[in-house]
Amino acid sequence: MPTRTSGPAPTAAELLDFVRRTAEDTALVASLPLDPEGRTWIRLDGPGGSEAWLIGWPPGTGTGWHDHAESVGAFLTAAGTLREHSLAARLPTDGWKTLELTEDIDRTRELRPGRGRAFGRHHVHEVLNESPTEHAVSVHAYYPPLPRIRRYSRTGAVLRLEQTEGPEDWH
């Protein structure tokens, strides 16, 4: 993992600018091997010690509900179309297993090529490639490098913490 050497931490807006510029690198985007069975990825050098990824999404794949814990981040679609479902509220960060969500908390964004978003700490969302036939490709950046990811299940208005993962779980 990259380490910080000096300078201020990159902001979510700076991460969004990075993913936008990276997504415009058509040669880099085209270099990502695409697999019809599962997501593929290439680790990138992000700004200021951030963690960055180029990710390929086969048709019909998604992340499930999750957050990036203490990291701020940004992602942008480079090819295809992704849909993000997110919660428009800050949830308690620890000490709960089940929450009942209030009405009007859900947000949905369709992210076509060149469209993306930045997000703050503890942003709960799921990202999907709903196309039945086309891959999507996106660029993601997080700072600090992901200390953990919390995964959730959702049934109606009930959000349940299912698992907490750390970098040791991703190798």
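In which strand of the protein is confidence lowest, and in which is it highest? In this predicted model, strand S6 (residues 98-100) has the lowest confidence, with a mean pLDDT of 90, while strand S10 (residues 136-143) has the highest, at 98. Taken over the protein, the mean pLDDT is 92, and 95% of the residues reach 70 or more. As a general caution, where pLDDT is low, the predicted coordinates should not be read in detail.

**Into the core**

A good place to begin a tour is the inside. The largest nonpolar core has 18 residues, and those with the most contacts inside it are Leu-15, Val-19, Leu-54, Val-137, Val-139 and Ala-141. Helix H1 (12-23), strand S2 (51-57), strand S4 (72-79) and S10 each give two or more residues to this core. The largest share, 5 residues, comes from H1.

Let us pick out one of these residues. Beyond its neighbours within four places in sequence, Val-19 is in contact with Ala-74, Phe-75 and Leu-76, and also with Val-139, His-140 and Ala-141. Apart from the largest core lies another one, of 12 residues, including Trp-53, Ala-136, Leu-146 and Ile-149.

**Strand S2 and its partners**

Next comes S2. How many of the residues of S2 are buried? The strand is mostly covered, with 7 of its 7 residues buried. Glu-51, Trp-53, Ile-55 and Trp-57 point one way from S2, whereas Ala-52, Leu-54 and Gly-56 point the other way.

S2 pairs with S1 in the antiparallel sense over 6 bridges, and with S10, also in the antiparallel sense, over 7 bridges. On the S1 side, Trp-41 has Ile-55 of S2 as its bridge partner. On the S10 side, Tyr-142 stands opposite Glu-51. S1 and S2 form a hairpin with 5 residues between them, and Gly-48 in the turn has a positive phi of about 60 degrees.

**A closer look at Thr-40**

Thr-40 lies in strand S1 (residues 40-45). Is Thr-40 buried or exposed? Thr-40 counts as buried because its relative accessible area is 14%, and buried means under 20%. The side chain of Thr-40 reaches the backbone oxygen of Pro-33 at 2.6 Å. Setting aside neighbours within four places in sequence, the contacts of Thr-40 include Leu-32, Pro-33, Leu-34 and Asp-35, along with Leu-54, Ile-55 and Gly-56.

**Backbone details in the loops**

Most residues other than glycine have a negative phi, and most peptide bonds are trans. With that in mind, here are two residues other than glycine with a positive phi.

| Residue | Phi | Relative accessible area |
|---|---|---|
| Ala-69 | about 50 degrees | 0% |
| His-122 | near 65 degrees | 13% |

Ala-69 is found in the loop between strand S3 (65-67) and S4, and Ala-69 is buried. His-122 is found in the loop between strand S8 (116-119) and strand S9 (125-128), and His-122 is buried too.

Which two residues does a cis peptide bond join? The bond lies between Tyr-143 and Pro-144, with omega at about -5 degrees. Pro-144 has its place in the loop between S10 and strand S11 (149-155), while Tyr-143 falls within the residue range of S10, 136-143.

Key
Residues numbered from 1 in each chain as written. Predicted model: local features only at pLDDT ≥ 70, side-chain atom pairs only at ≥ 80, totals over all residues. Heavy atoms only, no water. pLDDT = per-residue confidence, 0-100. Helix = DSSP H or I, 4+ residues; strand = E, 2+ residues; numbered from the N terminus. Core = buried A, V, L, I, M, F, W, Y, C linked by side-chain atoms within 4.5 Å. Buried < 20%, exposed > 50% of the residue type's maximum accessible area, 1.4 Å probe, protein only. Contact = heavy atoms within 4.5 Å. Polar contact = N/O pair within 3.5 Å; in protein donor to acceptor, adjacent residues only side chain to side chain. Pairing = 2+ DSSP bridges.
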